[in-house]
Amino acid sequence: MIAIAAVPIRDRNGRDCANSTSADELIDLAPSNEICSRRYRGSARTRADLFRWQPLPGVSSPKHSRRLSFRNEVASIAIPAIPTEPIGSIPRPPELIAALVGRDGADPALDALDDEAIGDTIAQFDATGSPVVTDGEQRKYHNFWTYSVHGLPNTAPDGFAIPFAAGHTRRMSRLTGGPFRYRRYADAYLDVAQRCATVPVKQAVISPSALSLMYPADELPGYTRKQFIDDLIREHETEVRACLRKGAHQVQIDFTEGRLAVKIDPSGGLLHSFIDRNNLVLARFGEDDRKRIGVHTCPGGDCDSTHSADVDYADLLPALFGMNVGNFSVALAGEPDRVRVLELIRNLLQPHQRTTDDCGFAPFCDDTSTSRGTAFAMIRSRVSGTALASDSLGVG
Ligand SMILES: [Zn+2]
């Protein structure tokens, strides 16, 4: 019954492995009402009460007074002894999605809406009792993949395309010339989120391997692939260091292309080249820094679809765990045989406990397949379920 919370993971080098799981799974784990009422001290709430909780109407506004009463309710919830944290993205508010249509994501006219969306996101995160929050990636322009390079003058829009099972594609920018520089670094998002948050903030960044797909198949005149990789690695290092220096709870490298790489090249050659590229950067960090760096893998998520769910985790995880990071977040909810994957993880690493949301809720800005209300309801279930699982396991 408690396998999901019991599995991951600390490996032989002391690295944690976050085990992501679905809210449904956590709810299924919720034990008796007796445990609920004991854990959620100060009240005799039943399990059903816990999962009926919804944000107050005022939560749609970040105004402190409007959310205080709900936060007081949440204050009676015990912080789960098993660590739990989000992955990153939260669906944007409808008004922000509408404003992004036909506009460049960097348009200053969006600033006020962005700020309101970030404030509201963190307020709603607070209301879930989540001990770690994110800014929901409200300001990552169009998506988690291209935020750092969006608007660069030396790019064209017809870059690498990811096909999703539902039939649509998402495209990366194509580099048209050197030198390669980020246009923005994720620590700027962290600055804003930390001003709003009352608990630690996690920051996701895009992997060097994903951005390496910007370089075209044919070598660019006057700017070699090696020069590009050198520049890319330096830019990524700069971004991660800035996030660490500013106190990010964890810097999570989004590596959704890992599983996709196996689909493109079943020999594993592309995957290993991606991991080697990412390890080039990670080698520049000390052990203490790497404990706060993680990697997230999943089958890709967009509009209720995926790009590589048909790839067996057995073809990814042994190589993935060769990445020199302190934390692994592995999406599991969509797996047809989660127990098998968990056993695979257990054979590769040693158990340590952690839960996450399975994946970002809307990594692309225009994804309306999940509402904000549903996303936060699932986060509340993750937090509550993790506390119940902590109690069941006698942790803490
Ligand atoms: Zn994901």
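**Close-up views of a predicted model**

**View 1. Glu 137, a buried loop residue.** Glu 137 counts as buried because 29 C-beta neighbours lie inside 10 Å; the cut-offs are 20 or more other C-beta atoms within 10 Å for buried, 12 or fewer for exposed, and partly exposed in between, with C-beta atoms placed from the backbone. The loop that holds Glu 137 runs between helix 7 (111–128) and strand 3 (155–156). Helices (H or I, at least four residues) and strands (E, at least two) are DSSP runs, numbered from the N terminus. Phi of Glu 137 is near 55°, a positive value in a residue other than glycine. Most residues other than glycine have a negative phi. This is a predicted model: local features need pLDDT (the predictor's confidence in each residue, from 0 to 100) of at least 70, side-chain atom pairs count only at pLDDT 80 or more, and totals for chains, interfaces and linings use all residues. Residues are numbered from 1 along each chain as its sequence is written.

**View 2. Asp 304, an exposed loop residue.** Phi of Asp 304 is near 60°, again positive in a residue other than glycine. Asp 304 sits in the loop between strand 9 and helix 14 (317–320). Asp 304 is exposed, because it has 11 other C-beta atoms within 10 Å.

**View 3. Strand 8 and its parallel partners.** Strand 7 (residues 203–206) joins strand 8 through 4 bridges; pairing takes at least two DSSP bridges. Val 205 has Ile 253 as its bridge partner. Strand 9 (residues 293–297) also pairs with strand 8 over 4 bridges. There, His 296 partners Asp 254.
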